[in-house]
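Colleague: Before I rely on the labels attached to this model, I would like to hear the reasoning behind each of them.

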Amino acid sequence: MNQDEMKRAAAEAAIEYVDTGMIVGIGTGSTANHFIDLLAGIKGKVDATVASSEASAERLRGHGIRVLDLNEAGELSLYVDGADESNKYLHLIKGGGGALTREKIVAAASKKFVCIADESKLVDILGDFPLPVEVIPMARSYVAREILKRTGGTPVLREGFTTDNGNVILDIRDLQIMEPVKLENELNSIVGVVTNGLFAARPADVLILGTPEGAKTILP
Ligand code: 5RP
């Protein structure tokens, strides 16, 4: 089984969490895309969806699935999204696709967060994957200096990339994240930071990993 097939296996297992009449939060990325395509097969079952990016909203609409603004939807029963890294406590690094802020908002508004990934995403210590931070453009240099000072990591501007919210991304390299909740809060306290890609204060509730032997469910 290749990596893409493992992502699809995880997405297939997550479909089991979809109940009749639900409004489902939808993540962003190649694993979330598998979930969207599979959801199309049972679209009569869901009431509507809320998307965490313009790209996912477009894919959902392309399948004829209703997409609501989060403000119209209220609390969501379920959020399904991928991740760039997860530890065994289901603390995540997300934002490889740059959708971290909307992803974090939809996750926060959801009762259950089911994370889907291939098995390579499970790590002992978070930080090999550069940690994305969404920043208001005029604060870019100031925030980069503060990140260096406060974390010791190396912030690198994601060249030629603008988020759906009109902001820039600094990816922090060279981190070994021993205290994810503390780092998440510290980065969010820098003026000019919109949010960062650590999902530790609100981790996933369920992690489904695609493996060569099929989907494996991990609870924190
Ligand atoms: C996008 C994300 C994605 O969930 C993350 O990058 C994983 O992507 P993929 O499913 O393509 O491996 O956080 O902002």
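What follows is a discussion of the contact between the domains and of an aromatic pair.

Modeller: Please keep in mind throughout that this is a predicted model. The chain is divided into domain 1, covering 3-123 + 201-218, and domain 2, covering 131-196, and 24 Å separate their centres, taken over C-alpha atoms.

Colleague: What makes Glu 184 and Lys 104 a salt bridge?

Modeller: A side-chain nitrogen of Lys must lie within 4 Å of a carboxyl oxygen of Glu, and the side chains of Lys 104 and Glu 184 meet at 2.8 Å, N to O, so the pair satisfies the definition. The count between domain 1 and domain 2 is one salt bridge, alongside 10 residue pairs in polar contact, both residues being at pLDDT 80 or more. On the side of domain 1 that touches domain 2, helix α5 (residues 100-108) gives the most, with four residues.

Colleague: How much area is buried between domain 1 and domain 2, and which three residues of domain 1 supply the most?

Modeller: The buried area is about 1,200 Å², with carbon and sulfur atoms giving 54%. Leu 100, Thr 101 and Lys 104 supply 38% of what domain 1 buries against domain 2, more than any other three residues.

Colleague: Why is the aromatic pair of Tyr 79 and Phe 113 called tilted?

Modeller: Rings pair if their centres lie within 6.5 Å, and these are 5.1 Å apart, centre to centre. Planes under 30 degrees apart count as stacked and over 60 as edge-to-face; the 50° between the planes of Tyr 79 and Phe 113 fits neither, so the pair is tilted. Because Tyr 79 lies in strand β3 (residues 76-81) and Phe 113 in strand β6 (residues 110-118), the pair ties together parts that are 34 residues apart in sequence.

Notes:
Residues numbered from 1 in each chain as written. Predicted model: local features only at pLDDT ≥ 70, side-chain atom pairs only at ≥ 80, totals over all residues. Heavy atoms only, no water. Domains from an automatic or database assignment. Buried area = accessible area lost by both parts, 1.4 Å probe. Polar contact = N/O pair within 3.5 Å; in protein donor to acceptor, adjacent residues only side chain to side chain. Helix = DSSP H or I, 4+ residues; strand = E, 2+ residues; numbered from the N terminus. Phe/Tyr/Trp six-rings, centres within 6.5 Å; stacked < 30°, edge-to-face > 60°.
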